[in-house]
Amino acid sequence: MSLFLSILSQIVGWVYFTAWSFSFYPQLFLNYKLKNVSGYSLDFGVLNFSGFLAYSFYSIWGYAEPSIMPGQVDPSDIAFACHAWFITTITLIQCNHYESVWNRTALWVKLLSLFFWISGTLLGVLQLTGNLTDSTDWNGCLYLGYIKVFITLIKYMPQVYMNYVRKSTVGWSIINVLLDFTGGSLSILQIFIDGANSGDWNVFGGGGAFNVAKFLLGFLSMVFDIIFMIQHYCLYGGDKKASDSIKGIDLDTLYKNPQM
């Protein structure tokens, strides 16, 4: 083990934590500034809440019992996951002040979230009571990681679609996107630093440095961030006129008049 790589990993880890964590705040402030969430997908918000709840438990559990999961969990992973869940909760509370979150959330999002909450809790309890295997191929801890990966795969889609329907990214913070891309890329970089330091690249074996869930979260986030950048800078690029026009307009109006 290299002391230099260990220190570098911690530096990169806390820088990614800072960038990824601060990525949540611009949207929070933008919602407050506009006094509405017309440009923010509530489906994305609910899925984000569910995903980070699962990822928080996954990270804490994986750090406490590293033998039951592939990959390495760093303290910065736990700090990021728990902070992300906290701030997404605050964002949902804020959204509910402007819109009725539960009424505005799509049925498939509600059902999927409930399924993940119930199944995750059930498998977690079974694992902790010794009724599930401690195999690194399948266990309750890994299931929570899989939940987060799947949610990350689908959670951005409602926001991409909303931007497309409105032909605008006004109300969706591009600063959020840029910080998210930075955090995702540094998160992946830390995985490779840890792998180079340990020399163990066994993706599906215990003790390896390659945290599959962490890698997929970073990769998928970066892919969608690029889509958002294209929407904002190349396709729509909301200006002040578009920003002014969105104030006071609810989602029903936006969907009926997507050019607004």
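This tour moves from the whole chain to a buried group of charged residues, then to the nonpolar core and a further salt bridge.

**The whole chain**

Begin with the complete model, which is predicted rather than determined by experiment. Display it as a cartoon: the chain contains twelve helices and zero strands. Of its 260 residues, 53% are buried. The exposed surface of the chain amounts to about 11900 Å², and carbon and sulfur atoms supply 71% of that area. If contacts between residues at least 6 apart in sequence are considered, 84% of them join residues at least 24 apart.

**The annotated spans**

Next, select residues 6-25, 37-58, 78-95, 107-128, 140-158, 170-193 and 213-236, which an unreviewed UniProt entry annotates as "transmembrane region". Two of these spans may be examined individually. Residues 6-25 are 90% helix, and their end C-alpha atoms lie 30 Å apart. Residues 78-95 are 100% helix, with 26 Å between the end C-alpha atoms.

**Asp74**

Select Asp74, in the loop between α3 (42-64) and α4 (75-98). Is this residue buried or exposed? Asp74 counts as buried because its relative accessibility is 2%, below the 20% cut-off for that class. Now show its surroundings, leaving aside neighbours within four places in sequence: Asp74 is in contact with Ser9, Gln10, Gln190, Asp194 and Lys214. With Gln190, the side chain of Asp74 makes a polar contact of 3.5 Å.

**Lys214 and its partners**

Which residue forms a salt bridge with Asp74? The partner is Lys214, and the closest N and O atoms of the pair are 3.6 Å apart. This salt bridge links distant parts of the chain, since Lys214 belongs to helix α10 and Asp74 to the loop between α3 and α4, 140 residues apart. Both Lys214 and Asp74 are buried.

Keep Lys214 selected and add Asp77. The side chains of Lys214 and Asp77 also meet in a salt bridge, at 3.1 Å from N to O. Because Lys214 lies in helix α10 and Asp77 in helix α4, this pair ties together parts that are 137 residues apart in sequence. Lys214 and Asp77 are both buried. Viewed together, Asp74, Asp77 and Lys214 are linked in a network of salt bridges.

**Tyr55 and the nonpolar core**

From Lys214, proceed to Tyr55. Apart from neighbours within four places in sequence, Tyr55 is in contact with Phe80, Ala81, Lys148, Lys214 and Leu217. Tyr55 also leads into the largest nonpolar core, a set of 51 residues. The residues with the most contacts inside this core are Tyr40, Tyr55, Tyr58, Phe80, Ile147 and Phe228. Colour the contributing elements: α1 (3-22), α3, α4, α6 (107-128), α7 (140-155), α9 (174-198) and α10 (212-236) each give two or more residues to this core. Which element provides the largest share? That element is α3, with ten residues.

**The remaining salt bridge**

A search of the whole structure finds three salt bridges. To view another of them, select Arg104 and Glu99, whose side chains meet at 3.1 Å, N to O. How do the two residues compare in burial? Arg104 is partly exposed, with a relative accessible area of 26%, whereas Glu99 is buried, with a relative accessible area of 12%.

Technical notes:
Residues numbered from 1 in each chain as written. Predicted model: local features only at pLDDT ≥ 70, side-chain atom pairs only at ≥ 80, totals over all residues. Heavy atoms only, no water. UniProt positions renumbered as here; feature names shortened; annotations may be inferred. Helix = DSSP H or I, 4+ residues; strand = E, 2+ residues; numbered from the N terminus. Buried < 20%, exposed > 50% of the residue type's maximum accessible area, 1.4 Å probe, protein only. Polar contact = N/O pair within 3.5 Å; in protein donor to acceptor, adjacent residues only side chain to side chain. Contact = heavy atoms within 4.5 Å. Core = buried A, V, L, I, M, F, W, Y, C linked by side-chain atoms within 4.5 Å. Salt bridge = Lys/Arg side-chain N within 4 Å of Asp/Glu carboxyl O. Areas by Shrake-Rupley, 256 points an atom, 1.4 Å probe, with all protein chains shown as cover.
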